Amino acid sequence: MLDGGPLDVLTGDYLAELTMLILGRDRLKDPSLGYARTFLRQMEQCLGTALDRGIRVVTNAGGLNPEGLAAALGSLATRLGLHAHIGYVAGDATEREGAHSAALTANAYLGAFGIASCLKAGADVVVTGRVTDASLVVGPAIAHFGWGRTDFDALAGATVAGHVLECGAQATGGNFSFFTELPDGGRRPGFPIAEVHADGSSVITKHPGTGGAVTVDTVTAQLVYEVGGPAYLGPDVVTHLDSITLAPDGPDRVRVTGVRGSPPPPTLKVGVNTLGGFRNAMTFVLVGLDIDAKAALVRAQLEAAVGIDGLAFTLTRTDDGALLRAQIHDADPKRAGRMFSTAAVELALASYPGCFLTTPPTDATPYGIFTADAVPQREHVALHPDGARTAISPPTVTAAPPEAANVPGGPSRGSPPREVGTRSGDKGTDANVGVWVRSDEDYTRLRGWLTVDRFAELLPETAGLPVERYELPNLRAVNFLIRGLLAPPAQVDPQAKGLGELLRARIADLSRVAAGEPLVTEVARRTTGPARASEINANQMGV
């Protein structure tokens, strides 16, 4: 990014919910840690280039200890013979406050005005702890354009740009449903760039010569990632996702306009991590005949060896057989560790015919439980490069979040769209699946056909859980939020990354049926019986 073309600000987003848990464990071992050390290694290679080119760096790699990272970065600069002005933002920690006192980490998602304060004070590098991902882009825009607290439309526009950029190559063809259409087949997508304008509008692009692509589709895919209703709540502004307009603006350029914003809520989201215990997993390979009976034998043997508490089994069919994943969760690291994994390996000569495993025995690893809470909007602090401390006051204009327009749809009518794109992810214990299409005609079909009831039929994994459905007509998208899907600890896909593609495949199956076409061989592989592909109907597919 530093070498590939013009750039004013380089941002780095390091803080997934899991990252905060890892940093919390680091800090237990050494109180001077708690930040992303990979950032320091990157800056050892890149800080000189950034300073030479006048490119400022804004990152949340400070994690639980932004002051510690700022100090370490200053020492690194001195060792490299560089003079870097470093500022940082602090005040997000709430782990010692009331209900959060027992948490490993508890951090409020701060906004962008602390970042802007450091930049206006001359910082070459700004380090933060837990801020919203989009704040890394909104802060530089505030500093550059001089926006105030009530410039809600501009703040919302920059928030959209930040949301597009926050997951890097996911906006340029990474994890993209139509990756086979990309010029390089998705092999090495470049990183996205936002050209932000004074009114908050932006153009999403990438450096010339980098892989992947920037299209309305790639940007839409990222916009529906890890969101809920159309009102996207943030500490500085509520961004209305249903106001976004996307339009091509040349090769690898997409213009984002029309974004509307409204006052932020009176509270801040708090991400809370607690230690849940220890976990381990072993995978058995089952081939040939009697797959179900073989899986049942292993299950009975493991349950007899270590007990049933905390054990869970997932059987995944393959072309030649199946994979049986045995997973354990327990408060005792010994039971979840070698007691479990060694018991699994010892079955290799005493279980089903053809028994083998994919890994040797392993120790247990700790796992965390993430929950979201809220605290009142609060003052925090920006530490300028000259050591000055500037208080960042909370917004004076706030409003209760608008009611979400949950539209279940129904009864389901028409036929499925011929082709859909999807992107899914986690929102704490909830999961979201964004579904979009490429034409107005297909969007009419999507809205009429993909109701909450139809969604539950296509994804029986969501059966019995509350599902919310939101329409985003400007993006030709429908977003589903599944409450509590990720609450159980025994998850093969704990962040719901594959849920969207699973839905997409099942819609494609039904689309072929509706068109009177024979189903392709890959559909037959997903069945458990001996039927030929031409004999498989929707009921046999479980949808």
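Reader: Before the cavities, which residues count as nonpolar, charged or polar here?
Author: Ala, Val, Leu, Ile, Met, Phe, Trp, Tyr, Cys and Pro count as nonpolar, Asp, Glu, Lys and Arg as charged, and the others, Gly among them, as polar. The model is a predicted one.

Reader: OK. How many cavities of 30 Å³ or more does a search of the whole structure find?
Author: Two. The largest holds about 70 Å³ of space, and the second largest about 50 Å³.

Reader: Which residues line the second largest cavity?
Author: Its lining consists of Ala16, Glu17, Met20, Thr105, Asn107, Tyr109, Arg130, Gly271, Asn273 and Phe370. Elements giving two or more residues to that lining are α1 (17-29), β4 (105-108) and β13 (267-287).

Reader: And by class, what is in that lining?
Author: Four nonpolar, four polar and two charged residues line the second largest cavity.

Reader: Back to the largest cavity. Which residues lie nearest its centre?
Author: Gly111, Arg149, Asp236, Gln377 and His380 do, out of 15 lining residues.

Reader: What's the class split there?
Author: The lining of the largest cavity has eight nonpolar, four polar and three charged residues.

Reader: Different topic. How many disulfides does a search of the whole structure find?
Author: Zero.

Reader: What about Cys46, how accessible is that one?
Author: Cys46 has a relative accessible area of 26%, so this residue is partly exposed.

Reader: And Cys167? What is its relative accessible area?
Author: For Cys167 the value is 27%, and that residue is partly exposed too.

Reader: Why does neither count as buried?
Author: Because buried means under 20% relative accessible area, and Cys46 comes out at 26% and Cys167 at 27%.

Definitions and conventions: Residues are numbered from 1 along each chain as its sequence is written. This is a predicted model: local features need pLDDT of at least 70, side-chain atom pairs count only at pLDDT 80 or more; totals for chains, interfaces and linings use all residues. Side-chain values use heavy atoms; hydrogens and water are left out. A disulfide is a pair of cysteine sulfur atoms within 2.5 Å. Buried means under 20% relative accessible area, exposed over 50%, partly exposed in between (1.4 Å probe, protein chains only). On a 1 Å grid over the protein atoms alone, a cavity is a set of points where a 1.4 Å probe fits but cannot get out, and a pocket is an open set with protein on both sides within 12 Å along at least five of seven lines; lining residues have an atom within 4 Å of a point. Grid points are joined across faces, edges and corners, and a volume is the space filled by probe spheres set on the points. Helices (H or I, at least four residues) and strands (E, at least two) are DSSP runs, numbered from the N terminus.
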